[in-house]
Amino acid sequence: MKSQKKILILCGGKFAFKTLQLLAFENYLCGIGIGKSSKIVVEALEKESENNSLDFKYFPDKKNVSEMRTWIDNLNPDFIFSISFPFLIPEEVLSFGKERFINFHPGPLPQYRGSMPIFEVLKNQEKTTAISVHFMDSKYDEGPVIFKENLKIDQNDTYGQLAVKLSNRTAQVALNMANMVEYAKKIPSSIQESENAYYYEKPDFLDTSIKWKNMTAGEIVALINSCNPWNYGADTSFEGEHIKIIIATIFDQSHENSKPGTILAINEDGTFNVACSDDKQISIEVLKTDIGIITAKQLNFQMNIIGKIFK
C-alpha cells in the first residue's frame, strides 16, 4: 500500500488553526513552522504539536528563516503548505524541491497581492474575494496559480468576520489540495497575468484614515469595516483628539450640503449621523477614544456634539 504524503505547514498564527486541525485529523500533517506571532499563540501551537507528535519550529524573525532549510531537510516532507507565513521564503529554502511549496493566499491573484488582501478587498467594496492557491517562488504572491476558490463578501462584513470565513474555508481548500497532491501525477497551474497584477503594501495611517472631504458614505463605511478589529477602526480626528470609528452604517438621506464630517443629529438609539461628501450620511455607533471603547451615546453624554466636525 502506498504511504500517505507528508505535509509540513508554515503559518503565521490563528488564521491557519482550522487547516492544521483538519490536516492533522486526516493524517497529512507531519510538522508545523510558525513565524512571528504572539507568545500565547506560539506556546499553544507548540504544546499541541507535542501532544500530536508533530515536529515544531518557531521562526521569530527573518534571520531565523535561514535555519528553515536544515529543518526541512531533516523532516523531508513531500510538500510544504504556507498559510499567512509572515516572511518571504528565500531561494535556498525553495530549492528543496520545485513545485513543492504551495501558498494559500486569502485574496484574488494577481489583483490583490500583498500581506493584507482582506483589508484591501473590503476597502475597495468588492462583492467577492477568493482563496488563491499557487506555487511559491522567490517573490511575494507571484508563483503560478493552481486554482482559485471564490467567496462571497456579505454586506457590512468586517475584517474579522471575513477573516474567520476565509480561515474556515481555507481548511477545506487545503484538504482538497492535499488530496490532489496525494493522487495526481501532475499538478496543473497557470502563470499569473501581469496585466491585472497589483501589489498592496501593508496599510499605514494614511490608508486607514477617513478623508471626509472626498470620501463617500459607502467608502467611509467600507474603510471602517476593513479596519475592524485589527486597527480598532478607521482613524479620524475630533475636537483635537485622535479617534477611531469602529462601527457605522450608511444613512441614505440628504444632508442639504452640510460640510462633510459635521455631526447632524442624534438618533433615538443613541447613534449619531455625520455628513459625507456625496450628500449622504453615516450613523456612528461605536468609537475608540483616549478613555477607551465607547458608544456614540456615551460620547454625546461627555460633550455637546451636534454641529461639531470630524476632520
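Visitor: Is Leu 88 buried, partly exposed or exposed?
Guide: This is a predicted model, in which local features need pLDDT of at least 70, side-chain atom pairs count only at pLDDT 80 or more, and totals for chains, interfaces and linings use all residues. Residues are numbered from 1 along each chain as its sequence is written, and side-chain values use heavy atoms, without hydrogens and water. Buried means under 20% relative accessible area, exposed over 50%, and partly exposed in between (1.4 Å probe, protein chains only). Leu 88 has a relative accessible area of 35%, so the residue is partly exposed.

Visitor: Which residues have the most contacts inside the largest nonpolar core?
Guide: A nonpolar core is a set of buried Ala, Val, Leu, Ile, Met, Phe, Trp, Tyr and Cys residues joined through side-chain atoms within 4.5 Å. The largest has 70 residues, and those with the most contacts inside it are Phe 81, Ile 102, Phe 272 and Ile 282.

Visitor: Which residues are among those of the other core?
Guide: This core lies apart from the largest one and has 18 residues. Among them are Cys 30, Phe 59, Trp 71 and Phe 96.

Visitor: How many disulfides are there?
Guide: A disulfide is a pair of cysteine sulfur atoms within 2.5 Å. For Cys 11, the nearest cysteine sulfur, that of Cys 30, is 13 Å away; for Cys 227, the nearest is that of Cys 276, 15 Å away. By this rule, the count is 0.

Visitor: What is the relative accessible area of Cys 227?
Guide: Cys 227 is in no disulfide. The residue is buried, with a relative accessible area of 0%.
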